[in-house]
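User: I am new to this structure; could you take me through how its parts are named and why?

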Amino acid sequence: MTVQVDDELWSAVSDPSRRRVLDLLVANGAVSASWLAGHVPFSRQAVSKHLVVLEAAGLVSKRKQGKEVLYEIRADRLDEATRAMADLAAAWDRRLRAIKRLAEAAHAGAKKHRPRAEEKGADDGER
Amino acid sequence: MPGLAIERDVLIEAPAEVVWRTITEPDQMSLWFADRVQLVIEAGAHGYLGFGDQGGPVVVETVDPPKRFSFRWNHPRGEEPVVGNSMLVEFTLTPEGDERTRLRVVESGHELRDWPEAEQQRYADEHREGWGEFFDRLVVVLSEQRSR
């Protein structure tokens, strides 16, 4: 079974700068790009670029309030991202369990039946 | 590295050589990983992993038997996978006694970029957590906000 994480979502949350921006939005609600720029170690221009990516991924929405444009997180989409990430970790757990089962069965079989003749190298030499 | 990373490990009752074959031989890989595995285990080799009617290219990065095996995937079609456009999957095999191996897998994403080094370091120090903790925390905050 595979887990397909939506590319846009994946690349949006995989960048630590953007996670920092998301963090600030989660903690502070609707704020402007200028406000964000005052709270991160990167430029206003970089903040704007990150907001564009986050908006494209649907993680952030913007609205006009007077002369200002305010950004806020979209909780539904963040929930989706969270689930996708948890699924990905679960997929690796399943794969590791399968590897364990296969390797242990192969090893137990090799011990019982002696190494196969076609195996080259000394891998199975010592028992 | 505070990038996106998933880390998992498992203790296997088999020598590293046996585990190595399980994780790198294409016919074995198709038993625990993709349905279709077209892959030559050689650094730089390009292959394909098929999952049902989906799938994608994969490029082998490190082959160091029986200790380390890594590949990159999830990069945009038509592009070479590099840091920043792909996910790196790294397997590390560590013997624990004669017939026991700790297998660790790390899948990691985009590393820090576009920042001055001092800022990267500061951020790394402040954010030792991976995405897992980040999202756990988000979920808590979000549910708190909703119940208000």
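Analyst: What follows goes through the sheet and helices of one chain and then turns to the other chain.
This is a predicted model, in which local features need pLDDT of at least 70 and side-chain atom pairs count only at pLDDT 80 or more, while totals for chains, interfaces and linings use all residues. Residues are numbered from 1 along each chain as its sequence is written, and chains are lettered from A and ligands numbered from 1 in the order in which they are written.

User: Why are strand 1 and strand 3 of chain A said to pair?

Analyst: Two strands pair if DSSP finds at least two bridges between them, strands being DSSP runs of E with at least two residues, and helices runs of H or I with at least four, numbered from the N terminus. Two bridges join strand 1 to strand 3 (residues 68-73) of chain A, so the requirement is met; S32(A), for instance, has L70(A) as its bridge partner in strand 3 of chain A.

User: What makes strand 1 and strand 2 of chain A edge strands?

Analyst: The open, antiparallel sheet of chain A has three strands in the order 1-3-2, and strand 1 (31-32) and strand 2 (60-65) of chain A each pair on one side only. Helix 2 (residues 16-28) of chain A packs on this sheet and touches strand 1, strand 2 and strand 3 of chain A.

User: What share of chain B is called buried?

Analyst: A residue is buried if 20 or more other C-beta atoms, placed from the backbone, lie within 10 Å of its own, and such residues make up 26% of the 148 residues in chain B. Chain B has four helices and seven strands.

Technical notes: Contact = placed C-beta atoms within 7 Å. Axes fitted to C-alpha atoms, helices over the stretch in contact; angles between N-to-C directions. Buried ≥ 20, exposed ≤ 12 C-beta atoms within 10 Å, placed from the backbone.
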